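User: I would like a close look at a single part of this model, set out in one connected account. Please begin with the question that follows the display.

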Amino acid sequence: MGNSTDLSLPVNQRLERKRTVHDDQKLQSARRRRVASQVLWHAIMIVFVAAWLIPLVWVMRNAFLPKDASIGMGWSLKFTLDNFIRVWQGAPFGQYMLNTLLVTAGIFAVQIVTLTLAAYAFARVPFAGRSVVFMLFLVQIMVPPDVLIFSNYQIINDLGLLDTKLGIMLPYFASAFGVFLLRQAFKQLPYELEEAARVEGSSSLGILRRIYVPLSKPIYLSFAIVSISFHWNDFLWPLIVTNSPENRLLTVGLGMFAKSTEAGAQWTDVSAATLIVTTPMLIGFLLFQRQFISSFMHSGIKG
Amino acid sequence: MNTRWSEKLRRNGFGWGLVLPSLLFLCMFTYYPMLKSAGLSLFEKNLAVRNPVFVGLDNYKALLHDPVFIEVFRNNIWFAVGTVPVSMALAFALALFADKAIRGKGMVRVAFFYPNMIPMIAAASIWLFLYMPQFGLFAKFASWIAGSEVNLLGNPDTVLASLIVMTIWKEAGYFMIFYLAGMQQIPKDLYESASVDGVGVWKQQLRITIPLTMPTTLFVTVVAITNAFKWVDHLWMMTKGGPDHASSLLLYYIYETTFNFNDQGMAAAMTVVMIVMLLIISCLQFVGWERKVHYQ
């Protein structure tokens, strides 16, 4: 439209039209700028997403490539499962996986019991010294067992539990973090529920089992995810405590395996082993992505 | 009176009975080891001195004069300085992106969060390969920039930075989750009214998002700093703290002193230093939370 204004129009109308055209242009250029910055912003973020995926793509590429092809940089269409077969036969990864499952599940099972009891006491039983004991629990959050690895090793040694699965699990049987999480959930449940159950003659432990635990399921789920992923991935402590293959965990097995092949260019094997170790968690994560992420949002600190 | 007393006794017994199992494990694996480390740190006990000799604060004095400890301590500070702000800034940007982007939101979350789901030892073995001279993808990239072949993990000047990059990759997604949670709590009409008033997108972030996610920032800072002192698995796998202690961190040095040099007194003294540091960092968090409660 522009300047082809009809000169026969009255002055004020001509001015009016000029103004709207001007505004339109201003609005349009603002919109264009916004779109441009949006595009740029998305482009930068997509680059980051791509960069973040490189290690995963790389390890997958090498795990499925024949040995000689992995050294070259180019993309090769060769595909093989030999690496996995060789790795599975070269180290007892099946045993490691079973051990990891046992240890992780064992820790979690005991934690559930200890933290449910303690959380209930802190939430609903006003006993003498409660706040002092609560403070004692706080300290474990600040100083996690990772830091005390060396003294804990000696204690496990004194107990004669070196190189046992129980030795790996023992320091984690109490989780102050879980107690805090659950105490909060218990406190938020209406006290009337407990009173009603009491009138009907339920015992305290019965109330805990039939009211508090079922109503706090989401919190238990959050804690399960945090606890299981932490212990599935833990390395240094199980490394120190165990020294025989029967008791080694996946992470330790992977560490040993990668170290033993360090000299040669057996990176295809190491990549395959790395994939074997990470796949269970990665699949779990992809399947339950939403729950995983929201549970991390709720739970805060690891441990 | 009598029944009230017995009721009180019963309640106390019940409460203590409930916390007892947890308390037992806590005493065994948190309090006892802490006290034991504190005690042992006052003794000389190593391969040469089998029966501990009381030396007072000598172990601590020796730490101050141990060039390796000083270097390791400095490394750890640099490690924290390198990882904390960058991974937090990235996490913030990514959360902004994952919060607003309509399509591909899930993809962004998965891409950034998956490093968190894999063990540090596995991440380390992947990155070891990526950094390996001649074959590694990143090593090739670095050589291409430098114009000559670079051994990123074998050079004292580049090794710490290489590990920092990997740690940022591992951690940014974890912090992103907290920022996402924080951002979702900000009422959307704040942004709408800002837009109506003609406030630009950048200014909106500066005036709305950043101040309203301050509590998250505080929380993430403390978690990130604590983590910077706890990561060790990657050192075992990638560098063993070398070359020449250039990449060693505190907890790894404690591990080495204990299990390779068998110097228990010194290791205990270093453990005490770490505990004190972690307690200070965590206390800062509590002070921060108190402040947050005030301005809410």
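User: How are α1(A) and α4(B) oriented to each other?

Analyst: The model under discussion is predicted. In it, α1(A) and α4(B) are oblique to each other. The first of these names refers to residues 11-63 of chain A and the second to residues 105-117 of chain B. Their axes come within 9 Å and cross at roughly 45°. Angles under 35 degrees would count as roughly parallel, and 65 to 115 as roughly perpendicular, so a crossing at roughly 45° falls in the oblique class. The crossing of α1(A) and α4(B) is left-handed.

The residues in contact may be listed for each helix. From α1(A), A:Phe48, A:Val49, A:Trp52, A:Leu53, A:Pro55 and A:Leu56 take part. They meet B:Met107, B:Val108, B:Ala111, B:Phe112, B:Tyr114 and B:Pro115 of α4(B). Sorted by class, this contact holds 12 nonpolar residues, with no polar and no charged ones.

Two loop residues may be added for their backbone angles. Most residues other than glycine have a negative phi. A:Asp163, however, has a positive phi, near 60°. A:Asp163 is found in the loop between α6 (149-158) and α7 (165-169) of chain A. Its relative accessibility is 18%, and because buried means under 20%, A:Asp163 counts as buried. In chain B, B:Asn262 likewise has a positive phi, near 55°. B:Asn262 lies in the loop that runs between α12 (250-259) and α13 (264-294) of chain B. With 28% relative accessibility, B:Asn262 counts as partly exposed.

Conventions:
Residues are numbered from 1 along each chain as its sequence is written. Chains are lettered from A and ligands numbered from 1 in the order in which they are written. This is a predicted model: local features need pLDDT of at least 70, side-chain atom pairs count only at pLDDT 80 or more; totals for chains, interfaces and linings use all residues. Side-chain values use heavy atoms; hydrogens and water are left out. Helices (H or I, at least four residues) and strands (E, at least two) are DSSP runs, numbered from the N terminus. Buried means under 20% relative accessible area, exposed over 50%, partly exposed in between (1.4 Å probe, protein chains only). Axes are lines fitted to C-alpha atoms, for helices over the stretch in contact, and angles run from 0 to 180 degrees between N-to-C directions. Angles under 35 degrees count as roughly parallel, over 145 as roughly antiparallel, 65 to 115 as roughly perpendicular and the rest as oblique. A crossing is left-handed if the near helix is turned anticlockwise from the far one by less than a right angle, and right-handed if clockwise. Contact means heavy atoms within 4.5 Å. Ala, Val, Leu, Ile, Met, Phe, Trp, Tyr, Cys and Pro count as nonpolar, Asp, Glu, Lys and Arg as charged, and the others, Gly among them, as polar.
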